[in-house]
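Work through the exercises below with the sequence and coordinates at hand. Each task is followed by a solution in steps.

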Amino acid sequence: MVCSLSLLVSGCGLEQWVHNGFKVGPNYEEPPVVIIAENWIDADTSGLLPSPPAHPEWWASLNDPILNQLIQSANEQNLSLREAGWRVLQARARRDITAGNLFPQTQQGFGEFDRILESRSVALPAPLRSFDQWSNGFNLSWELDVWGRFRRSIESADADLEASVDDYDAILISLIAEVATAYVEYRTFELRLEYAQKNVEIQEQSLRLTQEKADAGKTGFASVHMSKSSLETTRAGIPSLQIGMRQASNQLCTLLGVETQNLTEFLGKADIPAPPSSIAVGIPLDLLRRRPDIRASERAIASQSEQIGIAISDLYPHFSINGEIALESERFSDLFSSASSAGSLSPAFRWNLLNYGRIINNVELQGFGLEELIAGYQNTVLTANQEVEDALVAYLKNQERVKSLKSATEETAEALRLLTISFNEGDISFTGVFLLQGQLTARQDEYASAQGDVITSLINLYKALGGGWEIREQNFVPQSELRMDAGQEVLPLPPFPAAEIMPAP
């Protein structure tokens, strides 16, 4: 027999079979990693630390107790996370089912009663036309794992189980980022709404002033129309801000796993969280152990690698032992006597002859699947590296943008104050005031949005770095702690300690 892939040449010989621990096929090797930079492009920027984060709860650095509570609640209640937890349990059950194949695959107890009537229309009819047959016993069939097919299946299932935990971690990271982002959006809309409402008050005062001056004949009525236009334009922006604020609240409800409700009272009023003075970003190679999606991709490769050996095992004969122990008797009263004992032992083998074309093509199929997963793994690493760089440059540049917008807003506000004084004293027309009122409204709104963008880009940075999944150990509780509430069973979280499944790297 000839193996058609170079990958299989080393896996087909008996020498390699012994070297691999009496398993045909190649043993798993970690996939090659694409070349990534030794450090981030902006690593020399002040405030970026080359060490990995010391604590998984990166959101605690924002010093916002409401955000901390939201993330904790989502961690405990989010339904998508619980779905992922159940998938972990399914993977563990599948692994345990696979492990059972190491033992006799068929183990059956049986019992039977037959009332037999013989035909007399035969050449040599039986002396007794009818009789009873009682029997019971136990049989088994055990295919021996000579070529490692069952052991490799267990190793493949182990990798699938670990990948399911990594998928859980990836969902947890995304959940934390989504909660934090929705919360920051809510605070950003809240600040933008506050600016808009203050500008409405200012512009209402301007409208009263221009109306008084026009009524007194000190100015024309054009200033009144200009003032009213500015006021109504600002008012028109308020509903869209209220919509955004409510939708951010609604999104938080879904992420928390509760019915959609008004969270205004719970959230209260607060500022947009301020960024920390420094951030621990580590180095690009840290992503390989911190990002769950990268680990899950690597575990998928490990699982597929074992499938090659499983496919190769079909090239060889399969050996099994079949046995049966029984008691058989015509009369029930004699069934349990020593004379009724019967049994058999049947060593056997089966060999898929003349099927090598299909078997070898299946081996090639599994090998091609492995190469596909390796390419996907390398692409995941590159994408993760890009996501960090994208978030990092956005965070740094948004901070610069906030500083400039803060200065521009302050200068516009001061210019408007001076022009308003001049208009009140009758030195200038209302045109300058009108223009600056519109500019101030736009500058303040942009400034508030930029403050939110800083924190949102910081959240994206922490997400890209793979931070936060370590808290999953809080999500696993024993079944005994599940309780009944108002007659309904609380949705259970995965009832096993996470450390048993996937220790933190």
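The exercises treat helix packing, helix length, the nonpolar cores and one strand residue in a predicted model.

**Exercise 1.** Determine how helices α5 and α11 are oriented relative to each other.

Solution. Take α5 as residues 149-215 and α11 as residues 431-464. Their axes come within 9 Å and cross at roughly 170°. Angles over 145 degrees count as roughly antiparallel, so α5 and α11 are roughly antiparallel to each other. Sorted by class, the contact of α5 with α11 holds 11 nonpolar, 13 polar and 3 charged residues.

**Exercise 2.** Do the same for helix α4 and α5, and list residues that meet in the contact.

Solution. Helix α4 covers residues 79-99, and its axis lies 9 Å from that of α5, at an angle of about 175°. The pair is therefore roughly antiparallel. On the α4 side, the residues in contact include Leu81, Val88, Arg92 and Arg95. On the α5 side they include Ile154, Asp158, Leu161 and Tyr168. The contact of α4 with α5 divides into 13 nonpolar, 5 polar and 5 charged residues.

**Exercise 3.** Check the span of helix α6 against the value expected at 1.5 Å a residue.

Solution. Helix α6 runs over residues 222-256, which is 35 residues. The expected span is 1.5 Å times one less than the number of residues, so α6 should span 51 Å. The end C-alpha atoms of α6 are 52 Å apart, which agrees. After α6 comes glycine 257, with a positive phi near 75°.

**Exercise 4.** Which residues of the largest nonpolar core touch the most other members, and which element gives the most to this core?

Solution. The largest nonpolar core has 90 residues, and those touching the most other members are Trp58, Leu70, Val179, Leu267, Ile279 and Leu461. The elements that give two or more residues to this core include α3 (65-77), α9 (292-312) and α10 (356-424). The most comes from α5, with 21 residues. Leaving out residues up to four places away in sequence, leucine 267 touches Ile66, Leu70, Tyr183, Tyr186, Arg187 and Leu252. Another core, apart from the largest one, has 6 residues, among them Phe423, Phe430, Val433 and Leu436.

**Exercise 5.** Is leucine 345 buried or exposed?

Solution. Locate leucine 345 in strand β6, residues 341-350. Its relative accessibility is 64%. The cut-off for exposed is over 50%, so leucine 345 counts as exposed. Leucine 345 touches Ile321, Asn322 and Gly323, not counting residues up to four places away in sequence. The C-alpha atoms of leucine 345 and glutamate 324 are separated by 6.6 Å, although the two residues are 21 residues apart along the chain.

Definitions and conventions. Residues are numbered from 1 along each chain as its sequence is written. This is a predicted model: local features need pLDDT of at least 70, side-chain atom pairs count only at pLDDT 80 or more; totals for chains, interfaces and linings use all residues. Side-chain values use heavy atoms; hydrogens and water are left out. Axes are lines fitted to C-alpha atoms, for helices over the stretch in contact, and angles run from 0 to 180 degrees between N-to-C directions. Helices (H or I, at least four residues) and strands (E, at least two) are DSSP runs, numbered from the N terminus. Angles under 35 degrees count as roughly parallel, over 145 as roughly antiparallel, 65 to 115 as roughly perpendicular and the rest as oblique. Ala, Val, Leu, Ile, Met, Phe, Trp, Tyr, Cys and Pro count as nonpolar, Asp, Glu, Lys and Arg as charged, and the others, Gly among them, as polar. Contact means heavy atoms within 4.5 Å. A nonpolar core is a set of buried Ala, Val, Leu, Ile, Met, Phe, Trp, Tyr and Cys residues joined through side-chain atoms within 4.5 Å. Buried means under 20% relative accessible area, exposed over 50%, partly exposed in between (1.4 Å probe, protein chains only).
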